[in-house]
Every structure is written in C-alpha cells, then in structure tokens.
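Open the model in your viewer and set it to cartoon. Keep the side chains hidden for now; you will switch some on along the way.

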Amino acid sequence: MNRPARNPVALLVLLVLLCVAPLVGLAGTERIVVQLVSGEMDPAVADYERVVRDGFRVALERRGYEVIPADQEVDPGAYDLDTLLLQYEYTLIGFLPRLHVTVAVRDLQAGTRVTGALAVARGNITLYTSLDEILETIEPRIEGYRVRRADSIRNPWPVTPAGEIVFPASAGEGGLTVMDRVTGAPIGEDLFVSEGAELPLRFSREGYYSRDVNVSVSGPRTEVPDPDLRRQGRFGAQLQYSYPRLIGGSVGGRYYPLPDLLYVGMELGLHMSGLPGRTPSRLTHLDPRLMVGYLPRGTEDEAVQPWFSSGLGLVTTFPSYADGDTGPYTDWYWNVLNVGVELGRRMVRLYGRLGVSYYFDTDRSLWEPGINPDLLWMEAALGTVLRW
C-alpha cells in the first residue's frame, strides 16, 4: 500500500496557522466598551460640547469600539476580563475660534489611568478632523495597554489599586492647584491610580512659578510633598554705591511688568564733590534717573543672572562757595547702556554693573556734551536689591 507523499511546505503552513489562530481569535474577540463623559466645561465654549461628543462617538465606533451613553450606569464587575471597559473624559477650554480639547482615559475595571492627550482645534468644520487626530494619538497607547493588561507576567490581573494619596494641605483652599501634566486637567477626588504608578503632576499658584513633579505611588499611603514654589518677583528696592561718584550713594525702586524679566524703575542719587573743611567750595549733585532693565534669564532659578539696563537722567548740581552761593547747574543725560550681573536666588541679591552715559548740551550745563572724559567715561556701581 502506497502512503501519500508528505509536502513539507504544507506542513509548515499548517503549523503556523495552528500557532497564530488562537492569537488572532483572542485579539478579534476582545471587546472594548467606551463610556464618553464630559468634564467641567468653560461656559464660553460649552455650546461645542455636543459637537465634540458626537465627533468622538462616530470616530470611536468607526474604530470598532462600543460606545455607551454618559448617563448609563456602569458596573465594572458585570464585565468579564475579555472586555476592556474604558472611560473617555473630555473637557473644553479656550477662546474662540480656538478650542483646547483634553481627553483622559481610565480603565474602570482596574481603577487606573491609562493615558491622556491635549490638542488645539479650531471651532469650525476642521474640528472633526482634530478630534480624529486626538484619537489617533491615543490609540497606540490603548493598544499597548491592552497587551500589558493581558500579560500575566508583566502586569498580573487584576491590577492592585493604590492606597490613599495625600496632597499638601495648601492644595485646593490654600490656592495651590494640582493638575495632570498630560491633559492639563485638575486632579480631583476621583483619581484612579494603580499600585506602582507614576503620576506626572504640575503644581501652580497665583503669583508663583509652576513646578512639574513625578510622584511614584506605592504602599497604603503616599504623601505628595509640598512643591515649595518660587514666588514671581514684581517689585524691587535697591541701595547702590557708584564710581566715580565717591561721596554719596543712591536708592531706587523697581516694578516688573514681566515678573523677574523686565522692569521699569527710578534711581535717586545724592553725591558730593569736595570735602567739607578741606576745599573752599563744594558741589552737591542730585541725580534722579528713570531706568528700564532686562534680565534675559530672570525666570530661571539661577544664582548668576546677566543684566542689561538703560535710562534717562538729570543731574542738578548745587555749588557752595566760601564767599557765597550761586545758582544750580542742570545736565540732562542718557545712560546709554549698563551691563552687569545679579547674584543670588532669594529675595536679597547683590549686583554689579558697568555703564556709559551721554550728556546733552543745556543752557546751564556743568559737564561737556557727549561722553564726558571728566567722569572717566566708564561708570561702575555695586549694590543690593530686595526683590519680592
């Protein structure tokens, strides 16, 4: 009796099909159910909520997801492990015609945050395209989560929920805002986190610089440390000693319309030429100066900050002679450019600067017009500034 000839290629194909078929069947049978819910809306753009909801629903159904209404009561325990039960929470903020759309995705069965996204869309016909692009950004992360969720070695099921997460006492009523750095949404009491997760947080407070912190969640209780935000500087007061004006000093005040970066200020100097009792005449110089200053790295928390400034000033000189007094002299000048540094990170800082001034010709000027060689043409100053 003759046996049928064995085809090695056919056997190889059959073996591959036997190995792949279960995987294909598993991937094809896994069901994804999505509940679409809306977060707190900016009233200015609330009219677009229905458009965004419908756009997300159509795009999700086109991807094969089953979408359930937001008002439908969901019992995660009623779904088996072959079903991935997700909640897509979307919010809208912004100023028309631009909308900022944020999406946060949670696994309702595991009680964990899966992913999130933020996108800027225009409030017109292109809005539907922007919504589809948001889901295209999220979809690979969802697929990756599905793989990890089904892997009993890398991510045992069920996922262990995290313990209590305690935020700083200053959060909420204390003015400290805690936000999800990915979506930009505030962190609420309904935060779902798994054991061992890492939270990308952003802390912010009015009048302070925001700070990004990654918090690892583990154990029965995780305390989120106070971020110790750095205050934005709006005002400054300074004391200064300058050369070649050796006898005297100046005081000043600053206001920063751009905190720590750009300021306008006033300096008032009082100096003398000639020593009392040693010269037959003395000159008293009253020197107010209107300034504009710029610190290009002022918003960075660095110990050494480069500093540039310029301004206009008026020196009024009152001469006093042994045999009588005479009228004052006035010299208008342009403090063309000062280059210096500020040293320190906190409220009290030291500074030094070098500068040059150009004097204008007036009816009763004391110094020659131009960059006066009598003042050694280069000015130097050392001082301290209190910033708050």
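This is a predicted model. Start by selecting helix 2 (49-62). Helix 2 lies across strand 1, strand 2, strand 3 and strand 4. Its direction is at about 150° to that of strand 3.

Next, select helix 3 (127-150). Helix 3 also packs on the sheet, where it touches strand 1, strand 3, strand 4 and strand 5. Against strand 5, the helix 3 direction makes about 165°.

Now colour the sheet by strand. Five strands form an open sheet in the order 2-1-3-4-5, with mixed pairing. Which strands stand at the edges? They are strand 2 (66-68) and strand 5; each has a single partner strand, so one side of each lacks a neighbour in the sheet. On average, neighbouring strands are turned by 25° against each other, ignoring direction.

Zoom in on strand 3 (83-93) and strand 4 (98-107). These two pair in the antiparallel sense over 8 bridges. Pick out leucine 86: its bridge partner in strand 4 is aspartate 107.

Turn on side chains for the largest nonpolar core, which has 32 residues. Phe56, Leu86 and Tyr88 touch the most other members. Helix 3 gives the largest share of this core, 7 residues.

Stay on leucine 86 and show its contacts. Beyond four places away in sequence, leucine 86 touches Ile32, Val33, Val34, Gln35, Val105, Arg106, Asp107, Val114 and Ile142.

Last stop: select Leu199, Leu201, Val215 and Val224. They are among the 15 residues of another core, which lies apart from the largest one.

Notes. Residues are numbered from 1 along each chain as its sequence is written. This is a predicted model: local features need pLDDT of at least 70, side-chain atom pairs count only at pLDDT 80 or more; totals for chains, interfaces and linings use all residues. Side-chain values use heavy atoms; hydrogens and water are left out. A nonpolar core is a set of buried Ala, Val, Leu, Ile, Met, Phe, Trp, Tyr and Cys residues joined through side-chain atoms within 4.5 Å. Buried means under 20% relative accessible area, exposed over 50%, partly exposed in between (1.4 Å probe, protein chains only). Helices (H or I, at least four residues) and strands (E, at least two) are DSSP runs, numbered from the N terminus. Contact means heavy atoms within 4.5 Å. Two strands pair if DSSP finds at least two bridges between them. Axes are lines fitted to C-alpha atoms, for helices over the stretch in contact, and angles run from 0 to 180 degrees between N-to-C directions.
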